[in-house]
Amino acid sequence: MAGLEIPTWDPQTAMLIGAILLEAFVLYAGYGGLERLVGSYLIDLLVGGESSAQ
């Protein structure tokens, strides 16, 4: 039947996909941690804090 073949994996392609997924996870976690560390400070710096929120 057409379309039911299982493609063979090239090891280089599998490593490239794995590297891309790992990079995406590291960036996601890294930016999330960075936002938790300096996010509120940066917003206060840019907006001006509670006094300008009125």
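The expected span of a helix is 1.5 Å times one less than its number of residues. In this predicted model, that rule can be applied to H1, whose 37 residues should span 54 Å. The end C-alpha atoms of H1 lie 50 Å apart, which agrees. The chain has one helix and zero strands.

**Helix H1**
- H1 covers residues 11-47.
- At Val 38, H1 bends by about 55°.
- Gly 48 comes just after H1 and takes a positive phi of about 115°.

**Burial and surface**
- The chain has 54 residues, and buried ones make up 4% of them.
- About 5400 Å² of the chain is exposed.
- Carbon and sulfur atoms supply 69% of that exposed area.

**Nonpolar patch**
- Tyr 41, Leu 42, Ile 43, Leu 45, Leu 46 and Val 47 make a nonpolar surface patch.
- The patch amounts to about 660 Å².
- Leu 45, one of the patch residues, lies in H1.
- Is Leu 45 buried or exposed? Leu 45 counts as exposed because its relative accessibility is 55%, and the cut-off for exposed is over 50%.
- An α-helix has 3.6 residues a turn, so residues three or four places apart point the same way.

Technical notes: Residues numbered from 1 in each chain as written. Predicted model: local features only at pLDDT ≥ 70, side-chain atom pairs only at ≥ 80, totals over all residues. Heavy atoms only, no water. Helix = DSSP H or I, 4+ residues; strand = E, 2+ residues; numbered from the N terminus. Buried < 20%, exposed > 50% of the residue type's maximum accessible area, 1.4 Å probe, protein only. Areas by Shrake-Rupley, 256 points an atom, 1.4 Å probe, with all protein chains shown as cover. Patch = residues over 30% accessible without salt bridge, like charges linked within 9 Å, V, L, I, M, F, W, Y side chains within 5 Å. Salt bridge = Lys/Arg side-chain N within 4 Å of Asp/Glu carboxyl O. Bend = angle between axes of the 7 residues up to and from the residue.
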